[in-house]
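Colleague: I should be grateful for a close look at one helix of this model and at what surrounds that helix. Please treat the matter in a single connected account.

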Amino acid sequence: MDDATRFAAVLLVAGPLIGAALVANPPLIGIWTASREVHLAAVGAHRRGWVLVNVGFGLTTILTSGGLLVLAWAADGAD
């Protein structure tokens, strides 16, 4: 396994793990199925947690996309 593939693997594994750690906020787990009123009340009561949830989604998206780009680049260079 070359360095680029190893780096892609690290990004593809670390991204979801970091995101899961930030998204796993117990007071906000049920927010995805809550009514609008309950959703807004929960976000208002846990603002810092809501910010961390969104940062987690953002980091996961960026790291996973980066890992896929590096993996595609490594596969293209192997041809």
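Modeller: The account below follows helix H3 and then turns to the parts that meet this helix. The model is predicted, and every value given here is computed from it.

Helix H3 covers residues 47-77. Because its 31 residues at 1.5 Å each should span 45 Å, and its end C-alpha atoms are 45 Å apart, the expected and the modelled span agree. The buried residues of H3 are Gly 49, Trp 50, Val 53, Gly 56, Thr 60, Gly 67, Val 70 and Ala 74. The cover over these buried residues includes H1 and H2.

Two of the buried residues, Trp 50 and Val 53, belong to the largest nonpolar core, in which they join Leu 28, Ile 31, Ala 42 and Val 43 to make six residues. To this core, H3 and helix H2 (36-45) each supply at least two residues. Apart from it lies another core, of five residues, which includes Val 70 and Ala 74 along with Ala 8 and Leu 11. As a general matter, nonpolar side chains in soluble globular proteins tend to be buried together.

Val 53 merits separate attention. Leaving aside neighbours within four places in sequence, Val 53 is in contact with Leu 22, Val 23, Asn 25, Leu 28 and Trp 32. One of these partners, Asn 25, lies in the loop between H1 and H2. Asn 25 counts as buried because its relative accessibility is 17%, under the 20% limit that defines the term. Beyond four places in sequence, Asn 25 touches Gly 49 as well as Val 53, and both of those residues are among the buried residues of H3.

Trp 50 leads to helix H2, where His 39 lies. Not counting residues up to four places away in sequence, His 39 touches Trp 50, Ile 31 and Ala 34. With a relative accessible area of 23%, His 39 is partly exposed. His 39 is also eleven residues from Leu 28 in sequence, with a C-alpha to C-alpha distance of 8.7 Å.

The other helix in the cover of H3 is H1, residues 3-23. Its 21 residues should span 30 Å at 1.5 Å a residue, and this agrees with the 30 Å between its end C-alpha atoms. Within H1, Ala 4, Ala 8, Leu 11, Gly 15 and Gly 19 are buried, and H3 is included in what covers them. Ala 8 and Leu 11 are also among the members of the five-residue core.

H1 holds a charged pair too. A search of the whole structure finds one salt bridge, formed by Asp 3 with Arg 6, whose closest N and O atoms are 3.4 Å apart. Both residues lie in H1, three residues apart, or about one turn of the helix. An α-helix has 3.6 residues a turn, so residues three or four places apart point the same way. Asp 3 counts as exposed at 62% relative accessibility, whereas Arg 6, at 42%, is partly exposed.

There remains the surface of H3. A nonpolar surface patch of about 290 Å² is made by Ile 18, Val 51, Val 55 and Leu 59. Helix H3 gives the largest share of this patch, three residues. Leu 59 is found in H3 and is partly exposed, with a relative accessible area of 34%.

Technical notes
Residues numbered from 1 in each chain as written. Predicted model: local features only at pLDDT ≥ 70, side-chain atom pairs only at ≥ 80, totals over all residues. Heavy atoms only, no water. Patch = residues over 30% accessible without salt bridge, like charges linked within 9 Å, V, L, I, M, F, W, Y side chains within 5 Å. Areas by Shrake-Rupley, 256 points an atom, 1.4 Å probe, with all protein chains shown as cover. Salt bridge = Lys/Arg side-chain N within 4 Å of Asp/Glu carboxyl O. Helix = DSSP H or I, 4+ residues; strand = E, 2+ residues; numbered from the N terminus. Buried < 20%, exposed > 50% of the residue type's maximum accessible area, 1.4 Å probe, protein only. Expected span 1.5 Å × (residues − 1). Contact = heavy atoms within 4.5 Å. Core = buried A, V, L, I, M, F, W, Y, C linked by side-chain atoms within 4.5 Å.
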